[in-house]
Amino acid sequence: MPTTIAGSDEEAMGPTDGAADIRASRRTRILATIGVNHALHDGYTDLIYVLLPVWQAEFGLGYVALALVRSLYVGALASLQMPATALAHVLGARTVLVLGTLLGAGGYALAGASGGLVGLCVALALSGAGSSTQHPLASAVIARTYGTRARGPLGTYNFAGDLGKAALPALAGLLLTHADWRFVLWLAAGLGAVVAAGVATLLPREPILREEARARPQVAEPGDPTVGRTGFGLLVAVGILDNAARPAFLVYLPFLLQEKGAALTTVGVAFGLAAVGGALGKAIFGRLGDRFGVTRCVILSEAGTAAAILLVIASPLTLALAVLPVLGLMLNGTSSVLYGTVPELAPHGRVEHAFAVFYTWTLGGSALATPLLYGPLGDAVGPRWAAVAAAATAFAVVPIMLVLSPHVARKP
């Protein structure tokens, strides 16, 4: 797989308008296919939040145990991203994405068939392992396909992921009022098998992706590799805090809403509202980062996240539900800006490796922080103060972003 980013000038795409149209159509198909796959996997990830109260009642779990159950999925997702990237060098990105989607769906099918907590935990770990293939490979394919104009398409890709977060949890919350949770997981697994077939059919073969990259002039790497390493390290630190704040709050959102009198169906709708806002945030902030700068957008989104979390905690149910789309917009808006900055700060231009490292550390930090820090905090002081800690985590991004700002400013 190529490891450099290419530019995306239309003039370099071919000698005729017809060739340019073919390549534009191919890029659109790649983005659409990867976007649907992203929607599935992100929907799988957030589906767990809706099921936490169900599993708490069925297995008698505390908040630490619930955080551990979720972290089995996220931990497998985070820890296997670099091996998935290495495997793609052998089998190709399309093959690994298809296999990962099938494994993710198979894990949920096994979870639905499990008879106890141990089986459920094993199944969630398998599903998370399948989802580990998605983020680094899909992001790198988009970066190669669109070149220096990849920030906008990466925002669209993230927007698609949040559509899945909006649809699957809300649908599951509705179905859980009429069906057993195991049946709901089987339906989710069937959907995954359909998406895997679509990826196998519609995503181009690896040689075609390489042709897309060769069709554009390469962008030179900055002369000082220390600048790239330092900036990339700070970017990873920002991503870790950003990814830790999100689950630290969402794990407790169902219980905060239930304290306000929300039924299980309302909890599912609440996650849908937050995800709709998150989808808009990912679509909008990626382009705002190009127009107004990375630093301003990240500081705005993280400060807004902290303020919105505190407002949800303090508000009655109706107002809290109204705030959730705004919270989702701020909570997820940062990620599009960060993802679009990864190719710019990738040390030595190794884009696939940079994405794999970024996702491994950011998602791994999220997987560890939730059960080791926020789970015990919830058991000790309750969901409200644990959610306040999530707000503080989001705001902690601001000073780090100010340090990162000069490194981002060096980029065109």
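**Exercise 1. Cavities**

How many cavities of 30 Å³ or more does a search of the whole structure find?

*Solution.* The structure is a predicted model, in which local features need pLDDT of at least 70 and side-chain atom pairs count only at pLDDT 80 or more, while totals for chains, interfaces and linings use all residues. Residues are numbered from 1 along each chain as its sequence is written, and side-chain values use heavy atoms, with hydrogens and water left out.

Step 1. A cavity is a set of points, on a 1 Å grid over the protein atoms alone, where a 1.4 Å probe fits but cannot get out, and its lining residues have an atom within 4 Å of a point. Volume is the space filled by probe spheres set on the points, which are joined across faces, edges and corners.

Step 2. The search of the whole structure gives three cavities of 30 Å³ or more. The largest has a volume of about 300 Å³, and of its 21 lining residues the closest to the centre are Lys-165, Asn-243, Arg-246, Tyr-339 and Leu-363. Two or more lining residues come from each of helix H1 (17-59), helix H2 (63-79), helix H10 (225-250), H14 and helix H15 (351-381), where helices are DSSP runs (H or I, at least four residues) numbered from the N terminus.

Step 3. By class, this lining has seven nonpolar, seven polar and seven charged residues, with Ala, Val, Leu, Ile, Met, Phe, Trp, Tyr, Cys and Pro counted as nonpolar, Asp, Glu, Lys and Arg as charged, and the others, Gly among them, as polar.

Step 4. The second largest cavity holds about 60 Å³ of space, and its lining includes Asp-46, Arg-246, Phe-271 and Asn-332. H10, helix H12 (264-292) and H14 each supply at least two residues of that lining, which divides into five nonpolar, two polar and two charged residues.

**Exercise 2. Helix H14**

Compare the expected span of helix H14 with the distance between its end C-alpha atoms, and locate its kink.

*Solution.* Step 1. The expected span of a helix is 1.5 Å times one less than its number of residues, so the 29 residues of H14 (residues 317-345) should span 42 Å, which agrees with the 42 Å between the end C-alpha atoms.

Step 2. A kink of about 35 degrees lies at Leu-324, shortly before the proline Pro-325; the bend is the angle between axes fitted to the seven residues ending at a residue and the seven starting there.

Step 3. Because 22 of the 29 residues of H14 are buried, the helix is largely enclosed by the rest of the structure; buried means under 20% relative accessible area, exposed over 50%, and partly exposed in between (1.4 Å probe, protein chains only).

**Exercise 3. Two polar side chains**

Is Thr-362 buried or exposed, and which backbone oxygen does its side chain reach at 2.7 Å?

*Solution.* Step 1. Thr-362 belongs to helix H15 and is buried, with a relative accessible area of 1%.

Step 2. Its side chain reaches the backbone oxygen of Phe-358 at 2.7 Å, and a polar atom of that side chain lies 3.4 Å from the backbone oxygen of Tyr-359. A polar contact is a pair of N or O atoms within 3.5 Å; within protein, one must be able to donate a hydrogen and the other to accept it, and residues adjacent in sequence count only if both atoms are side-chain atoms.

Step 3. Asp-180, in the loop between helix H7 (151-175) and helix H8 (181-202), is partly exposed at 40% relative accessible area. A polar atom of the Asp-180 side chain lies 2.9 Å from the backbone nitrogen of Arg-182.

Key
On a 1 Å grid over the protein atoms alone, a cavity is a set of points where a 1.4 Å probe fits but cannot get out, and a pocket is an open set with protein on both sides within 12 Å along at least five of seven lines; lining residues have an atom within 4 Å of a point.
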